[in-house]
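Grab a coffee and open the viewer. Below are some short exercises, each with a solution worked out step by step.

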Amino acid sequence: MAIAISNQTVAKDIVYLNKAVFDNDQRMAFKLEILNTALQKTQLEYGDFDIVEVDLPAVTPRAKIQVQSGENINLMMAVTTNELESSLIPIRIPIRRGILNYRLIVTTQDNLTAFSNINALEDLKEIKVGLKSSWATTALFKSQHFNVIEIPTLNGVFKMVSAGRAKYVPRGINEVYHEIKSRQHQLNNLVIEPTLALYIKAPYYVFVSPKHPELAKRLELGLETMVKDGSHKAIFNKYFQEKIKLSELKNRKIIVIKTPHLSGETPLERKELWFEYDEL
């Protein structure tokens, strides 16, 4: 089954991407608004378009194979990895403005004391962390010798933390509040640790099939236009400003986890592309 967002009856460019895993997923709503705006901004140069959501598995490794072939879907959005950047066409504009760089610690009330004396990265490495197997963060943590438990599903990760088999899971400030709230009826002992935040560079890009290079050029032009005219930042604020305020990052101790394998082409010098917690 496919769900289409149609701009005109006849479309020149058609974007196919995986549909949301959950109904009313604000993460997907944000992505669709970004895509739709980027395509609208380039109608003069490229013409009309459609966006079609395809009902296929959305797990990153499977999605990457689908996008690479360009047969069922021709675009995905994900935290970048060297593998994704080498096999697909990356558009190196972080569409979430790096908000996922900032992670809060989800733990339980009983385990809060485990974090009360954390002053440095090495202290944190000793505490057992639950992570989803397919996350880019999991490979990073394992490479830096964290005490990692891998779990196949996100819900499984939260259940593991709730049961105390893992002490915590780091989650982005853009996602953590909804994730805890939606699980309150089953896992009512989950809490956000109030004093710490992790900083992990995690650019979240649009990746286009190598079979569709013109679509990649169009989206890059559209996203660059959005950065310049302020519409990218405006959409970001619409979805994330409240969550940023809730996170109170200014009052937290920030522990930096280095990302040594980040591509040298990451546009870190372009300050206008990145959110910093002191801008609000």
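**Exercise 1. Two helices that cross**

Work out how helix α1 (residues 26–40) and α9 are oriented to each other, and which residues meet there.

*Solution.* Keep in mind that this is a predicted model.

Step 1: start with the axes. Those of α1 (residues 26–40) and α9 come within 8 Å, and they cross at roughly 95 degrees.

Step 2: classify the angle. Angles from 65 to 115 degrees count as roughly perpendicular, so α1 is roughly perpendicular to α9.

Step 3: list the contacts. On the α1 side you'll find I34, L35, T37, A38 and L39, and they meet L215, R218, L219, G222, L223 and M226 of α9.

**Exercise 2. A closer look at α9**

Describe the span of α9, its buried residues and what comes right after the helix.

*Solution.* Step 1: check the span. Helix α9 covers residues 213–229, which is 17 residues. From first C-alpha to last, α9 reaches 24 Å, close to the 24 Å expected at 1.5 Å a residue.

Step 2: pick out the buried positions. They are L215, A216, R218, L219, G222, L223, E224, M226 and V227. Here's a handy bit of background: an α-helix has 3.6 residues a turn, so residues three or four places apart point the same way.

Step 3: step off the end. α9 is followed by G230, and its phi is positive, near 85 degrees.

**Exercise 3. On to the next helix**

Find out how α9 and α10 (residues 231–247) cross, and who makes the contact.

*Solution.* Step 1: the axes of α9 and α10 come within 5 Å and cross at roughly 80 degrees.

Step 2: that angle makes α9 roughly perpendicular to α10.

Step 3: the contact pairs M226, V227 and D229 of α9 with S231, H232 and I235 of α10.

**Exercise 4. A loop lysine and its partners**

Place K41 and name the residues it touches far along the sequence.

*Solution.* Step 1: K41 sits in the loop between α1 and α2 (43–46).

Step 2: with a relative accessible area of 33%, K41 is partly exposed.

Step 3: take a C-alpha distance. K41 and T225 are 184 residues apart in sequence, yet 7.2 Å apart in space.

Step 4: skip neighbours within four places in sequence, and K41 is in contact with G222, T225, M226, D229 and S231.

**Exercise 5. Aromatic company**

How many aromatic pairs are there, and is the pair F141 and F146 stacked or edge-to-face?

*Solution.* Step 1: count ring pairs with centres within 6.5 Å. The count comes to 10 aromatic pairs.

Step 2: look at F141 and F146. Their ring centres are 4.1 Å apart and the planes are at 25 degrees, so this pair is stacked. Both residues are buried.

Step 3: look for a group. F30, Y102, Y199, F236, Y239, F240 and F275 form one aromatic cluster.

Step 4: add the arginines. R97 lies over the face of F236, at 5.0 Å from the ring centre. The charged end of R96 sits over the ring of Y204, 3.7 Å from its centre.

**Exercise 6. Buried or exposed?**

Sort V129, K64, W274 and H145 by burial, and say where each one lies.

*Solution.* Step 1: set the cut-offs. Buried means under 20% relative accessible area and exposed means over 50%.

Step 2: V129 lies in strand β7 (residues 129–132). With 0% relative accessibility, V129 counts as buried. Its contacts beyond four places in sequence include F141 and F146, along with V148, I149 and Y168.

Step 3: K64 is in helix α3 (residues 60–69). At 12% relative accessibility, K64 is buried as well. Beyond four places in sequence, K64 touches M76, E83, L84, S87 and L88.

Step 4: W274 is in the segment after β13, and at 8% relative accessibility W274 counts as buried.

Step 5: H145 is in the loop between α6 (136–143) and β8 (148–151). At 66% relative accessibility, H145 counts as exposed.

**Exercise 7. Backbone oddities**

Which residues other than glycine have a positive phi here, taking H145 and E248 in turn?

*Solution.* Step 1: H145 has a positive phi of about 65 degrees, although it's not a glycine.

Step 2: E248 isn't a glycine either, and its phi is positive, near 45 degrees. E248 lies in the loop between α10 and β13 (253–257).

Conventions:
Residues are numbered from 1 along each chain as its sequence is written. This is a predicted model: local features need pLDDT of at least 70, side-chain atom pairs count only at pLDDT 80 or more; totals for chains, interfaces and linings use all residues. Side-chain values use heavy atoms; hydrogens and water are left out. Helices (H or I, at least four residues) and strands (E, at least two) are DSSP runs, numbered from the N terminus. The expected span of a helix is 1.5 Å times one less than its number of residues. Buried means under 20% relative accessible area, exposed over 50%, partly exposed in between (1.4 Å probe, protein chains only). Rings of Phe, Tyr and Trp (its six-membered ring) pair if their centres lie within 6.5 Å; planes under 30 degrees apart count as stacked, over 60 as edge-to-face and the rest as tilted. A charge sits over a ring if NZ of Lys or CZ of Arg is within 6 Å of the ring centre and within 35 degrees of the ring normal. Axes are lines fitted to C-alpha atoms, for helices over the stretch in contact, and angles run from 0 to 180 degrees between N-to-C directions. Angles under 35 degrees count as roughly parallel, over 145 as roughly antiparallel, 65 to 115 as roughly perpendicular and the rest as oblique. Contact means heavy atoms within 4.5 Å.
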